[in-house]
Amino acid sequence: PTPPPTPRSSRGRKVPWSEGNIPPDASRTIQCNLCGRWFLRGEHLKRHIASLHSDEKPYACEFPDCKKTFSRRDNCKYHYNAHFKPPKEDKRPDEEPKEPDETA
């Protein structure tokens, strides 16, 4: 048997996978007709289709001069809030740490 294809992004989660018309477990009864992935709830399928199978991006970031758009409102909101977080510090030091001054 061939191994299952790697999902586009699991973001560290375990993603159930099955081949063909057999769900990975009995609770997943709704199947995406575009890629064959199975879901527990219809709203999960709707979110999946908006995220992966649609090029439509109706949600625009409202931060001034930001032109990013998103297929999902929650992703847009998360991005917008990131504009207000302080930038992450560079983990690479620009210079060697200085030795303490011993002339004091």
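This is a short talk on one protein chain and its cysteines.

Hi everyone, thanks for coming. One thing up front: what you see on the screen is a predicted model. So how confident is the prediction on average? The protein averages a pLDDT of 78, and 64% of the residues score at least 70. There is a stretch to treat with care: across residues 1-7 the pLDDT falls below 50. Leaving aside near neighbours in sequence, that stretch makes four contacts in the model.

Let's turn to the fold. We have two helices and four strands here. If you walk along the sequence, the order is β-β-α-β-β-α. Strand β3, at residues 59-60, has the highest confidence, at 96. Confidence is lowest in strand β2, residues 38-39, with a mean of 86.

Now, what does the UniProt record say? Its unreviewed entry places the feature "domain: C2H2-type" at residues 30-58 and at residues 59-88. Let's take those spans in turn. Residues 30-58 are 41% helix and 14% strand, and the C-alpha atoms at the two ends lie 25 Å apart. For residues 59-88, the figures are 33% helix and 13% strand, with the end C-alpha atoms 26 Å apart.

Next, how is the chain packed? The protein has 104 residues, and 13% of them count as buried. Take the contacts between residues at least 6 apart in sequence: 4% of those join residues at least 24 apart. The accessible surface comes to about 9,600 Å², and carbon and sulfur atoms account for 52% of that.

Finally, the cysteines. How many disulfides does a search of the whole structure find? Zero. Cys-61 is in no disulfide, and its nearest cysteine sulfur belongs to Cys-66, 3.7 Å away. For a disulfide, the two sulfur atoms would have to be within 2.5 Å.

And why is Cys-76 not bonded to Cys-61? Because the closest cysteine sulfur to that of Cys-76 is the one in Cys-61, and at 5.6 Å it is too far for a bond.

Are these two residues buried or exposed? Cys-61 counts as buried, because its relative accessibility is 7%, under the 20% cut-off. Cys-76 is buried as well, with a relative accessible area of 9%.

To recap the cysteine part: the search finds zero disulfides, while Cys-61 and Cys-76 are both buried. Thanks for listening, and I'm happy to go back to the model on the screen.

Notes: Residues numbered from 1 in each chain as written. Predicted model: local features only at pLDDT ≥ 70, side-chain atom pairs only at ≥ 80, totals over all residues. Heavy atoms only, no water. UniProt positions renumbered as here; feature names shortened; annotations may be inferred. pLDDT = per-residue confidence, 0-100. Contact = heavy atoms within 4.5 Å. Buried < 20%, exposed > 50% of the residue type's maximum accessible area, 1.4 Å probe, protein only. Areas by Shrake-Rupley, 256 points an atom, 1.4 Å probe, with all protein chains shown as cover.
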